[in-house]
Amino acid sequence: MSPALALYRRLVVGSLCLVGGTAAAILSYVWFGPVWAAAVAALTLVALAAGWLLAGRFQRSWGYVEGPGELYLTYGVVLRQLVVVPYGRMQVVDVTADLLEQALGIATVRLRTAASTADTRVVGLPLAEAVGMRDRLAARSESFSTGL
């Protein structure tokens with residue numbers, strides 16, 4: 001995964017903490033006084049620091065391997081998960097990128113499978129790598145089609 005994924009997560013967490021923490025501190029000051037506003041500001045700074053540190057761990061936790069018959073995806077900081085997606089079960093493979101991801105040059109590859117609850121994604125790939133992965137997975141899903 002691209003190191004820009006950690007920067008992306010840090011920018012998102014920082015923005016949320018800035019907006020949410022400021023609003024909560026102002027409301028706490030108006031309703032409860034300056035002591036509560038200071039407590040909310042301190043909690044916001046703790047949340048920002050935790051989000052900043054976990055962003056790097058989050059980026060390093062993602063990994064994938066395109067096997068001969070399946071795509072293997074692993075992720076998770078606290079709870080590690082291994083997802084195995086057979087190529088023949090893939091129905092839709094697309095690449096998405098919001099404005100911040102586009103600015104950082106990264107994208108997300110989304111896989112939709114025959115199972116209605118399965119929506120797998122590979123985050124933080126450089127755009128060229130994401131497009132190449134989409135094309136490879138789409139070709140493999142056609143060649144491994146299970147005839148559903």
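User: In which helix does Val30 lie?

Analyst: Val30 is part of helix α1. Helices (H or I, at least four residues) and strands (E, at least two) are DSSP runs, numbered from the N terminus. The model is predicted: local features need pLDDT of at least 70, side-chain atom pairs count only at pLDDT 80 or more, and totals for chains, interfaces and linings use all residues. Residues are numbered from 1 along each chain as its sequence is written, while side-chain values use heavy atoms and leave out hydrogens and water.

User: Is Val30 buried or exposed?

Analyst: The label depends on relative accessible area: buried is under 20%, exposed is over 50%, and partly exposed is in between (1.4 Å probe, protein chains only). Val30 has a relative accessible area of 60%, so Val30 is exposed.

User: Which residues form a nonpolar patch on the surface?

Analyst: Patches take residues with over 30% relative accessible area and no salt bridge; like charges are joined within 9 Å, and nonpolar side chains (Val, Leu, Ile, Met, Phe, Trp, Tyr) within 5 Å. Areas come from the Shrake-Rupley method with a 1.4 Å probe, and for residues only the protein chains shown count as cover. In this model the nonpolar patch consists of Ile26, Leu27, Tyr29, Val30, Trp31, Phe32, Val35 and Trp36, which together have about 1000 Å² of accessible area. Two or more residues of the patch come from each of α1 (4-31) and α2 (34-61). Helix α1 gives the most, with 5 residues.

User: Next, the sheets. In what order do β1, β2 and β3 stand?

Analyst: Two strands pair if DSSP finds at least two bridges between them. Here 3 strands make an open sheet, ordered β1-β2-β3, and the pairing is antiparallel. Strands β1 (63-66) and β3 (81-86) are at the edges, each pairing on one side only. On average, neighbouring strands of this sheet are turned by 15 degrees against each other, direction ignored. Such angles run from 0 to 180 degrees between N-to-C directions, with axes as lines fitted to C-alpha atoms, for helices over the stretch in contact.

User: How many bridges join β1 to β2?

Analyst: Strand β2 covers residues 70-75, and 4 bridges join β1 to β2 in the antiparallel sense. In one of these pairs of positions, Tyr64 has Leu73 of β2 as its bridge partner. Helix α4 lies across β1 and β2 and runs at about 40 degrees to β1. Contact here means heavy atoms within 4.5 Å.

User: Which strands stand at the edges of the sheet with β4 and β6 in it, and why is one side of each left without a neighbour?

Analyst: The sheet is open and has 3 strands in the order β4-β5-β6, with antiparallel pairing. The edges are β4 (90-96) and β6 (119-126); each has a single partner strand, so one side of each lacks a neighbour in the sheet. Its neighbouring strands are turned by 15 degrees against each other on average, direction ignored. Strand β5 (residues 106-113) pairs with β4 over 6 antiparallel bridges. Opposite Val95 stands Val109 in β5. Helix α4 (residues 127-143) packs on this sheet and touches β4, β5 and β6, its direction making about 170 degrees with that of β4.

User: How many salt bridges does the structure hold, and what is a salt bridge?

Analyst: Side chains of opposite charge can pair when their charged atoms come close. The cut-off is a side-chain nitrogen of Lys or Arg within 4 Å of a carboxyl oxygen of Asp or Glu. The structure holds 4 salt bridges. In one of them, the closest N and O atoms of Arg136 and Glu66 are 2.7 Å apart. Because Arg136 is in helix α4 and Glu66 in strand β1, this pair ties together parts 70 residues apart in sequence.

User: Which residues are linked with Glu66 in a network?

Analyst: Arg136 and Arg140 are linked with Glu66 in a network of salt bridges. The side chains of Glu66 and Arg140 meet at 2.8 Å, N to O. Arg140 lies in helix α4 and Glu66 in strand β1, so parts 74 residues apart in sequence are tied together. Glu66 counts as partly exposed at 21% relative accessibility, Arg136 is partly exposed at 35%, and Arg140 is partly exposed at 26%.

User: With which residue does Asp135 form a salt bridge?

Analyst: Asp135 pairs with Arg134, the closest N and O atoms being 3.2 Å apart. Asp135 is partly exposed, with a relative accessible area of 42%, and Arg134 is partly exposed at 27%.
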